[in-house]
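Grab a pencil and let's work through a few short exercises together. Each one has a task and a step-by-step solution.

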Amino acid sequence: MKTTELDKKFDEGKEDIVDAFDLESGHRINHEQKRVNVDFPKWMVRSLDQESSRLGITRQSLIKMWIADRLKVSG
């Protein structure tokens with residue numbers, strides 16, 4: 001399917017265009033995962049756990065969110 005045809009179907013909204021994509025092989029550029037190990041003091045882990053629990057997210061998600069936020073500010 002040509003791009004113009006896909007755009008037209010999307011704009012009209014009459015047809016589901018999801019089938020036009022290969023969702024199994026898709027990926028986001030520069031979002032590949034790389035494992036890193038970081039050691040935190042026990043008090044910091046407890047504080048992270050309290051805050052992540054308060055927000056209803058995992059500790060890992062909280063750490064990623066905070067680091068991403070900080071990198072956007074200084075980047």
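Before anything else: where is the place of Ser52? Ser52 sits in helix H2, a helix being a DSSP run of H or I with at least four residues, numbered from the N terminus. Two notes on the ground rules: this is a predicted model, where local features need pLDDT of at least 70, side-chain atom pairs count only at pLDDT 80 or more, and totals for chains, interfaces and linings use all residues. Residues are numbered from 1 along each chain as its sequence is written, and side-chain values use heavy atoms, leaving out hydrogens and water.

**Exercise 1. Work out whether Ser52 is buried or exposed, and list its contacts.**

Step one: buried means under 20% relative accessible area, exposed over 50%, and partly exposed in between (1.4 Å probe, protein chains only). Step two: Ser52 has 5% relative accessibility, so Ser52 counts as buried. Step three: skipping neighbours within four places in sequence, Ser52 is in contact (heavy atoms within 4.5 Å) with Ile57, Thr58, Arg59 and Leu62.

**Exercise 2. Do the same exposure check for Thr4.**

Step one: find Thr4 in helix H1, residues 3–12. Step two: its relative accessible area is 62%, so Thr4 is exposed. Step three: Thr4 and Leu23 lie 19 residues apart in sequence and 20 Å apart in space, C-alpha to C-alpha.

**Exercise 3. Follow helix H2 to its end.**

Step one: H2 covers residues 42–55, which is 14 residues. Step two: just after H2, Gly56 takes a positive phi of about 75°.

Terms used:
Helices (H or I, at least four residues) and strands (E, at least two) are DSSP runs, numbered from the N terminus. The expected span of a helix is 1.5 Å times one less than its number of residues.
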